[in-house]
Amino acid sequence: MQLAVIGTGYVGLVAGAGFADFGNDVACVDVDEGKIARLLRGEVPIYEPGLDTLIAKNTKAGRLSFSTDVAGAIRNAEVVFIAVGTPSAADGSADLSAVYAVAETIGKNMNGFKVVATKSTVPVGTADQVEAIIARHTTHPFGVASNPEFLKEGDAINDFMKPDRVVIGSNNTRALEVLRSLYDPFVRTSDRIHAMGARSAELTKYASNALLATRISFMNDLALLAEKLGADIDRVRKAVGADPRIGPKFLFPGPGFGGSCFPKDISALIHTARAMGHDLEVVRAVEEVNKRQKHVLGSKVKQHFDGALAGRVVGVWGLAFKPQTDDIRESPALTLIEDLLEAGATVRAHDPQAIENVRPLFGDRVTFVDTMYTAAEGADALALVTEWHEYRRPDFHRIKRLMRTPSLFDGRNIWDPEDLRALGFWYTGIGRG
């Protein structure tokens, strides 16, 4: 098929490269000339394992192209995907201005039947608005659909190529048929396509993210209780997750969730519910617990030093909100660093991919270092925030020699407390006492 993907952010690039790899001709377009110029030079503006290789392969094969010619891409396409940003507005709602602007551009460039599918995460009812906007500018027939993405940053290529589900929401039969045909090659071994109305598809995306976030916040809340009771949340987590009705995923306590999806989508879902006169009390609690959890590591550091952090050096391992990405949006590391700086500490930070994204936020208030061991040199405390592989089994003998006072704050519970204490470290995790 001839496809146009409008928006070359995280979702647009992964979708565009993925569709092209299955033999479709894909035009990825964006109004950001700088971003398109980088892509035309072969530079991928985000870090996602395997994405650079996939883009290079399909660009070379002539199936994937990049351009600022949004109108031309729309006219040439059978299916147009809207993959622009929907950031949170000041009131917590999703800012849909970019989505609506794209819809207007699509309407003005219709030249035959097209399917218009929103891949951006949008509130329930957005497809209806997109349809109305397009209809104001064209007499050509078209079908609007919601086709939300379910990609995990760090494993997005695998998620796109081998989806556990494909959700297609539309009230237009022809649009459903076109999108089912597009996705058939992705799900040949089993029928994982879930067809429904557009509003149901839009709600499915929010419901999925809200439920996953709920599991995280529940376990984080329980972890704080475990500390007060003298229980080990890690053992609790494993036993609870052994129940097949519950399962082990998304039950890991930590410093709070971040990223481009969970915080923004939870806020938008709460706002949508309120607009309908409904209070999503559980989801509201998830949001509040997460805001509190982001301060837990900083509180532990301050408590350990009796609130006296002036003159103390704290090493921070991990700045991205999760491993295998350079995405720092809503990262708990940012909250930790702000808390430490406010308390007077000197912060020395390391991350394999995200340093250049964080540097503009703190400037010379934070020392960014090239190696993880440099972050530990002369440090009074070392806090692990993001569980990159290289942080899992470091040389603790070397770290102990480097640190001024060997105090470890394990925000992901990935280190063995007994082993570290035997080496002479002071150690604390999340929910481990």
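**Entry 1: Arg432 and its neighbours**

I began with Arg432, which touches Glu227, Ala231, Asp232, Asp234, Asp410, Asn413, Trp415, Pro417 and Tyr427, leaving aside residues up to four places away in sequence. A reminder to myself: this is a predicted model. Then I checked where Arg432 sits along the chain, and it lies in the segment after strand 14 (426-428).

Buried or exposed, which is Arg432? I got 18% relative accessibility. The cut-off for buried is under 20%, so Arg432 counts as buried.

Next I looked at its polar partners. The side chains of Arg432 and Tyr427 are joined by a polar contact of 2.5 Å. The Arg432 side chain also reaches the backbone oxygen of Asn413, at 3.4 Å.

**Entry 2: the second largest pocket**

Arg432 turned up again here, as one of the residues lining the second largest pocket. Others in that lining include Asp232, Asp234, Trp415 and Pro417, and each of those four is also on the list of residues that Arg432 touches. I noted a volume of about 270 Å³ for this pocket. Which elements give two or more residues to its lining? They are helix 10 (233-241) and helix 19 (417-422). I sorted the lining by class too, and found eight charged residues, three nonpolar and no polar ones.

**Entry 3: the cavity**

How many cavities of 30 Å³ or more does a search of the whole structure find? I got one. The largest cavity holds about 40 Å³ of space. Its lining is made of Thr118, Ser120, Thr121, Val122, Ser146, Pro148, Glu202 and Lys205. By class that gives four polar, two nonpolar and two charged residues.

**Entry 4: the annotated stretch and helix 14**

I looked up the UniProt record, an unreviewed entry, and it puts "domain: UDP-glucose/GDP-mannose dehydrogenase C-terminal" on residues 315-417. In the model, the span is 35% helix and 18% strand, and its end C-alpha atoms lie 19 Å apart.

Then I picked out helix 14 (residues 332-342), which is mostly covered, with nine of its eleven residues buried. Among the buried ones are Pro332, Leu336, Ile337, Asp339 and Leu340. What covers the buried residues of helix 14? I wrote down helix 13 (296-304), helix 15 (355-362), strand 9 (313-317), strand 10 (346-350), strand 11 (366-368) and strand 12 (381-384) as included in the cover. Last thing: just after helix 14, Gly344 takes a positive phi of about 100°.

Methods. Residues numbered from 1 in each chain as written. Predicted model: local features only at pLDDT ≥ 70, side-chain atom pairs only at ≥ 80, totals over all residues. Heavy atoms only, no water. Helix = DSSP H or I, 4+ residues; strand = E, 2+ residues; numbered from the N terminus. Buried < 20%, exposed > 50% of the residue type's maximum accessible area, 1.4 Å probe, protein only. Polar contact = N/O pair within 3.5 Å; in protein donor to acceptor, adjacent residues only side chain to side chain. Contact = heavy atoms within 4.5 Å. 1 Å grid on protein atoms, 1.4 Å probe; cavity = no way out; pocket = protein on both sides within 12 Å on 5 of 7 lines; lining within 4 Å. Points joined across faces, edges and corners; volume = space filled by probe spheres on them. Nonpolar A, V, L, I, M, F, W, Y, C, P; charged D, E, K, R; others polar. UniProt positions renumbered as here; feature names shortened; annotations may be inferred.
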